[in-house]
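Colleague: Please take me closely through one internal part of this model, beginning with any enclosed space, and then set it beside the other local details that a bench biochemist ought to look at.

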Amino acid sequence: MIVDTDGKLRPVSAEWRSSDDSIIQISADGLASAAAELGSAQIFASAEGLSASPTLAVIARPAAGMLVQDNQIAYEPAAVDPDAEFGVGFRMRARMNSDAAAAGQIILGRGDKPIAGRVVEAAAAGDGAFDVTFEIVPVDDLFEQININQSIDMTHADYRIPDDTLSQYAVEELPDGTLQYVARHEPQATDDKAGGASKRQGASKSQQRAQAQGTRAIGPFECNVQGNVQIGSITPSIEFRPDVRVDVQLSGDVKRFIVTAELAPRLTISPELKPGFSGKLSCRTVLKEVKIPVGGWLSLILGGYIPMGVGFDVGGSISMAQPVRLDISGEARVTYEGGVMGTAAGGYAMVNNLTGSTDVSFKPVLPTFDRLASVKIDAQVFAFADVELGTVARSLRANVFGIKGGPKLTMDLASLEAQIADPAYASHLKFSPLKVTAGAGSSIKKLKDLLKISFVELRLVDADVLPEVRSPRATFAITPSSVHAGDDHQVGEPATFLTQFDKSTFLHLDVIDEVEYLWIRDGQLEPGRPGCTGGRAAAGQTRFECDAEFLMEHVGTQTFHAIYHPKLFGVRLPIAFEVSEHPQATVEVTQPLRDAEFSGLGFLSAAPNGHASQAYSSATGVSADGSVVVGWSRDAVNRWEAFRWSNGAMVGLGFLSHSPNGNASNASSVATGVSADGSVIVGTSNNAAGKAEAFRWSNGAMIGLGFLSDAPSGHASQASSDAHAVSADGSVVVGWSRNAAAREEAFRWSNGAMVGLGFLSAAPNGHASQATSHATDVSADGGVVVGHSRNAAGRPEAFRWSNGQMVGLGFLSDALNGHASQASSVAQGVSADGGVVVGYSFNAAGRQEAFRWSNGAMVGLGILPGTTWSNAYNVSGDGRVVVGSSGGKAFIWDAEHGMRAIKDVLIQEFSLSGEIENWTLHGVAAISADGRAIVGSGTNPEGRQEAWRAMIPRR
């Protein structure tokens with residue numbers, strides 16, 4: 001028989017089949033017979049393209065007791081106490097129209113009637129019938145032998161749709177089994193949810209329970225309310241096609257009960273949260289309730305229902321005068337496998353596996369934020385499925401497993417004024433593509449008792465199955481920290497605003513619409529300085545950089561905030577986000593630098609060993625702002641000692657050992673590089689064993705950095721290392737050291753470890769012993785190292801190292817005076833970003849010439865008139881100014897003026913003839929990152945070599 005569209009039964013010719021003919025055979029007219037002594041199989045029926053729910057047939061050997069045929073039962077068994085909990089010990093009563101079983105006896109139904117348990121009592125009911133009361137017992141007590149091992153597809157299982165859902169929706173079942181829920185024109189909640197439209201009869205009492213808990217209906221949803229929740233009407237659109245499978249195995253001590261639910265609802269919902277919303281709203285609606293397709297005695301053990309549906313949670317608070325709406329649409333796919341399996345010998349364990357994906361968009365519809373407004377919302381839409389055992393009455397079901405899962409959006413938004421007022425707060429978005437809560441239900445003990453097993457109970461899983469996504473964060477900095485203002489005579493020094501985001505997307509969509517800089521002046525927000533007010537973001541852009549200058553009226557500390565205007569799913573939100581929890585940066589604007597300065601830096605000792613003629617100092621490095629200079633000088637006993645100069649005072653840094661090899665006269669140290677803030681200094685000093693060793697000095701302590709090998713070629717005496725430069729933050733040191741093969745190799749030191757950088761060629765001219773490399777400088781972030789190494793032809797060649805790869809930079813000429821064997825180049829300095837490299841190379845005329853390399857091209861910088869060679873030692877942070885020596889004369893180079901003698905520049909452009917006229921400036925060793933400070937060595941008016949520093953306005 002089938003039910004036609006008018007709800008009438010009509011006969012049809014059905015096709016029958018068994019899932020295993022060796023266990024159960026089924027005849028053409030649907031008569032089943034046993035083909036084995038033990039086992040199980042599923043029986044399937046179909047007619048006119050329709051399929052019925054499968055029937056599980058079991059062949060087993062029952063325990064001693066009484067087998068009951070369906071015709072021996074006058075009516076369906078009923079619960080003795082409808083308020084009692086279902087499970088082992090739950091009592092039922094059946095009227096038998098034959099001899100009654102004795103108390104304590106096991107009774108077991110052979111047909112469809114749910115009879116299984118131990119008789120408690122039997123009382124005569126007249127007409128030869130008896131009212132038999134029996135209680136549920138574990139499955140092991142019912143059988144001597146049983147072997148069930150089936151995976152039951154519940155695609156065609158009986159189901160019902162609750163009346164309250166039908167009152168709100170017109171439901172249509174599509175050919176593929178998808179249920180389409182179309183909202184009626186005037187959706188109304190109903191208080192009477194008893195009954196339902198179904199393929200089975202049953203009563204829904206969820207509404208009565210909900211009211212007892214203080215919940216209420218909103219549209220088709222049953223909602224739990226906490227706090228002051230104000231929400232408008234909800235009319236969702238839903239498509240729902242769940243796939244459910246139950247795996248059952250009862251075979252000796254092997255037991256398995258696992259439910260797999262694949263939920264993929266597609267829905268559109270737009271909850272509107274009204275002003276004053278503060279609390280949490282958790283709503284759900286059952287869309288389909290599927291019956292676990294087991295009957296007869298087994299229905300009392302593993303029979304039950306799986307209610308499935310969709311819901312949403314919204315929590316948080318809204319502090320604004322207008323409502324907020326969330327337009328949510330898309331599909332959330334969740335697969336849950338939950339249950340228990342194992343053996344008595346090996347133990348039983350709970351199964352709790354989760355997978356899924358999502359394609360859901362959340363589009364908040366926000367009003368314009370006023371000065372004190374804020375919106376803090378956690379919103380999740382989800383599918384859910386519960387596994388409830390017990391078929392006697394819905395109110396008696398035992399919830400043994402449950403899952404809910406779907407995407408969750410967290411919005412924490414506040415007005416810009418509120419964000420700025422709290423330096424540790426910034427508006428943000430967070431999205432969990434699949435937030436799942438799953439695990440054992442409140443009645444999991446019932447399943448343990450029914451199967452007579454023991455296991456450690458499963459903890460609730462509340463996790464992000466897919467990686468969480470958050471809105472971008474950025475670092476914001478202004479460099480340098482101090483700049484000179486401009487005036488009527490010269491422009492101010494530029495301050496660079498840099499905002500670096502960790503990404504530019506949210507849910508794979510561009511989220512940064514515009515970046516803006518705000519200036520806080522007199523407590524008010526103003527646009528940033530010209531050139532640094534902000535701008536629209538290009539697709540995928542994560543770095544935003546601009547330069548701003550200041551005027552006399554801005555002298556003092558200036559504070560700026562970096563913000564961005566976000567887009568969510570292509571829609572610009574009416575609120576700005578600070579780029580991080582600490583998006584504030586300051587710059588100190590000082591008086592214009594109208595005059596250049598020049599001065600000698602003095603000596604550690606004016607008369608080493610009592611001889612003034614032996615006084616000596618040489619500068620090798622300078623901090624980013626020019627306030628700290630490092631180098632070396634002769635001390636009072638005529639030893640080379642590293643120094644640090646600042647605020648007009650030169651201080652010796654000491655030595656790694658004051659008595660190398662037991663001889664104090666062997667102590668020496670040389671400083672060659674300094675960090676941006678002047679706090680970290682690197683160089684070389686003799687250690688206790690008398691070996692030259694790279695050092696790092698900070699906080700008054702000099703620490704040796706070790707060697708690439710403590711015993712090159714097996715000889716400890718050959719160990720040596722030499723540091724040349726340090727990164728801006730002082731964490732990375734570069735130089736060279738002898739390796740295990742006693743070859744000089746460039747190194748990079750960080751986090752306490754010295755690592756060799758290799759060579760341009762491991763065997764120049766075919767000889768491994770000729771391989772060498774030396775590192776001379778490093779970029780501000782420590783990521784780019786420059787120096788020189790012998791190439792495959794055995795020629796010294798400048799190199800640039802980054803990301804583990806050393807690349808040769810070539811030569812000004814590949815053939816000196818026609819001889820390729822004489823070509824060579826050496827890199828000496830690198831810009832802050834690693835993009836510009838300077839040094840020297842021999843040109844086509846065979847003369848040594850300073851070069852500047854960028855974008856893959858090496859360009860000669862020329863030679864000062866009257867000299868025969870030049871060498872570039874260093875370059876400014878932005879790569880625009882190069883300094884060095886040409887024929888023993890200090891030079892400065894820029895693209896506008898070319899190469900010029902620095903002494904001429906200081907005298908002619910900055911009127912420093914009185915300070916510098918009697919000096920001979922031999923070479924410029926270093927230039928500060930901001931290009932204002934230049935340091936080197938020269939012969940002072942007394943004829944002694946002395947370190948010097950020049951400060952010039954930056955133009």
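Modeller: A search of the whole structure finds 2 cavities of 30 Å³ or more, where a cavity is a set of points on a 1 Å grid over the protein atoms alone at which a 1.4 Å probe fits but cannot get out. Please keep in mind that this is a predicted model, in which local features need pLDDT of at least 70 and side-chain atom pairs count only at pLDDT 80 or more, while totals for chains, interfaces and linings use all residues. Residues are numbered from 1 along each chain as its sequence is written, and side-chain values use heavy atoms, with hydrogens and water left out.

The second largest cavity holds about 40 Å³ of space, a volume being the space filled by probe spheres set on grid points that are joined across faces, edges and corners. Its lining, meaning residues with an atom within 4 Å of a point, consists of Val-259, Ala-261, Ile-306, Tyr-336, Ala-385, Asp-386, Val-387 and Ile-403. The elements that give two or more residues to this lining are β26 (254-263) and β33, strands here being DSSP runs of E with at least two residues and helices runs of H or I with at least four, numbered from the N terminus. The largest share, 3 residues, comes from β33. By class the lining has 7 nonpolar, no polar and 1 charged residues, with Ala, Val, Leu, Ile, Met, Phe, Trp, Tyr, Cys and Pro counted as nonpolar, Asp, Glu, Lys and Arg as charged, and the others, Gly among them, as polar.

One of the lining residues, Ile-306, leads to strand β30, which covers residues 304-319. In β30, 13 of the 16 residues are buried, so this strand is largely enclosed by the rest of the structure; buried means under 20% relative accessible area, exposed over 50%, and partly exposed in between, with a 1.4 Å probe and protein chains only. Strand β30 pairs with β33 (residues 374-389) in the antiparallel sense over 14 bridges, two strands being paired if DSSP finds at least two bridges between them. Within that pairing, Gly-315 has Asp-378 of β33 as its bridge partner. Strand β29 (residues 278-291) also pairs with β30 in the antiparallel sense, over 13 bridges, and there Cys-283 has Phe-312 of β30 as its bridge partner.

Strand β31 (residues 324-343) holds Val-340, which counts as buried because its relative accessibility is 1%. Val-340 and His-788 are 448 residues apart in sequence and, from C-alpha to C-alpha, 67 Å apart in space.

Turning to helix α5 (residues 444-451), 6 of its 8 residues are buried, so this helix is largely enclosed by the rest of the structure. The buried residues are Ile-444, Lys-446, Leu-447, Lys-448, Leu-450 and Leu-451, and just after the helix Lys-452 takes a positive phi of about 55°.

Another part worth following is an open sheet of 3 strands, in the order β38-β40-β46 and with antiparallel pairing. Strands β38 (474-479) and β46 (543-548) stand at the edges with a single partner strand each, so one side of each is left without a neighbour in the sheet. Strand β40 (residues 495-501) pairs with β46 in the antiparallel sense over 6 bridges, and Gln-500 stands opposite Arg-543 in β46. Following β38, Pro-480 lies in the loop between that strand and β39 (482-484), and the peptide bond that joins Thr-479 and Pro-480 is cis, with omega about -10°.

Some loops also deserve a look. Asp-635, in the loop between β53 (628-634) and β54 (640-646), counts as buried because its relative accessibility is 6%. A polar atom of the Asp-635 side chain lies 2.6 Å from the backbone nitrogen of Arg-639. Asn-751, in the loop between β62 (744-750) and β63 (753-756), has a positive phi of about 50° although it is not a glycine, and is exposed, with a relative accessible area of 79%. Asn-855 lies in the loop between β70 (848-854) and β71 (857-862); phi of Asn-855 is near 50°, a positive value in a residue other than glycine, and at 79% relative accessibility Asn-855 counts as exposed.

Key
1 Å grid on protein atoms, 1.4 Å probe; cavity = no way out; pocket = protein on both sides within 12 Å on 5 of 7 lines; lining within 4 Å. Polar contact = N/O pair within 3.5 Å; in protein donor to acceptor, adjacent residues only side chain to side chain.
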